[in-house]
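Hello,

Here is the structure I promised to pass on to you. Please open it beside this email, and then read on for what turned up in it.

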Amino acid sequence: MARAIISVSDKTGIVEFARGLQEAGWQILSTGGTSRTLRDAGLQVTDVSDVTHHPEMMDGRVKTLHPAIHAGILARRDTVEDLRALGSQGYELVDLVVVNLYPFEQAARRNAPVAEAIEQIDIGGPSLLRAAAKNHAYVYVVVDPADYARVLEAIRHTGGDDALRQDLARKVF
């Protein structure tokens, strides 16, 4: 079963996108508020903490920074050693990463107090995005809700689209 990690600050269109993934047979992994949003919409969601076997910590500051997540994203599907290493740890592949970052720029623009602005500095999100973009030969990476329809179309009708994955990775970088 293909797996997607979805962790978004901007929830625009995310329920419909996730529903499309589930209808296509994908498993959805998620975190915090995104997980709640998807569950409230009646979708089946696996919490990232169920995959990492570690709870979200420090008010959500630490949740996706774990080898069980990043190894699944970074594994090269054509490299036996990568797949063997993944399997030896009981980790599974991740085929799609959907992340948009905390709204730090908005907090800075409105001159939020420093302590509040600091909490809008995303750490796990950029790590997920860069890992997926680095491995775009195998992993879709979506940072922009405007791309949800293109990704669903590719998944439903072609099973994969190298040019689209490359275009999406360009957006991340």
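In this predicted model, the side chains of Asp 167 and Arg 170 meet in a salt bridge, with 4.0 Å from N to O. Both residues belong to helix α10 (residues 162–172), and because they are three residues apart there, about one helical turn separates them. Asp 167 counts as partly exposed, at 27% relative accessibility, whereas Arg 170 is exposed, with a relative accessible area of 55%.

That contact belongs to a wider set. Asp 144, Asp 147, Arg 150, Asp 167, Arg 170 and Lys 171 are linked in a network of salt bridges. If you look at Asp 147, you will find its salt bridge with Arg 150, where the closest N and O atoms are 3.6 Å apart. Is Asp 147 buried or exposed? Asp 147 is buried, with a relative accessible area of only 3%, and the cut-off for that word is under 20%. Its partner Arg 150 is partly exposed, at 36%.

Elsewhere in the chain, Arg 76 and Asp 82 join their side chains in a salt bridge of 2.6 Å, N to O. Here the acid is buried, since Asp 82 has a relative accessible area of 18% and the limit is under 20%. Arg 76 is partly exposed, with a value of 41%. A search of the whole structure gives 10 salt bridges, so please treat the ones in this email as a selection from that set.

Now for the rings. How many aromatic pairs does the count come to? The count comes to one aromatic pair, formed by Phe 17 and Tyr 148. Such a pair is described by the distance of the centres and the angle of the planes. For Phe 17 and Tyr 148 the centres are 4.4 Å apart and the planes make an angle of 20 degrees, and the pair is stacked. Phe 17 lies in helix α1 and Tyr 148 in helix α9 (residues 148–157), so the pair ties together parts that are 131 residues apart in sequence. Phe 17 and Tyr 148 are both buried.

Another ring to look at is that of Tyr 140. Arg 165 lies over its face, at 5.2 Å from the ring centre.

Finally, have a look at strand β1, which covers residues 3–8. This strand is mostly covered, with six of its six residues buried. In a regular strand the side chains alternate between the two faces of the sheet. On one side of β1 sit Arg 3, Ile 5 and Ser 7, on the other Ala 4, Ile 6 and Val 8, and both faces are covered.

Which strands pair with β1? One is strand β2 (residues 27–30), which pairs with β1 in the parallel sense over four bridges. Within that pairing, Ile 6 stands opposite Ser 30 of β2. Between β1 and β2 the chain crosses through helix α1 (residues 14–23), and this β-α-β crossover is right-handed. Strand β4 (residues 96–100) also pairs with β1 in the parallel sense, over five bridges. There, Ile 5 has Val 97 of β4 as its bridge partner.

Happy browsing, and best wishes!

Notes
Residues are numbered from 1 along each chain as its sequence is written. This is a predicted model: local features need pLDDT of at least 70, side-chain atom pairs count only at pLDDT 80 or more; totals for chains, interfaces and linings use all residues. Side-chain values use heavy atoms; hydrogens and water are left out. Buried means under 20% relative accessible area, exposed over 50%, partly exposed in between (1.4 Å probe, protein chains only). Helices (H or I, at least four residues) and strands (E, at least two) are DSSP runs, numbered from the N terminus. Two strands pair if DSSP finds at least two bridges between them. A crossover is right-handed if, with the strands pointing away from the viewer, the path from the first strand over the helix to the second runs clockwise. Rings of Phe, Tyr and Trp (its six-membered ring) pair if their centres lie within 6.5 Å; planes under 30 degrees apart count as stacked, over 60 as edge-to-face and the rest as tilted. A charge sits over a ring if NZ of Lys or CZ of Arg is within 6 Å of the ring centre and within 35 degrees of the ring normal.
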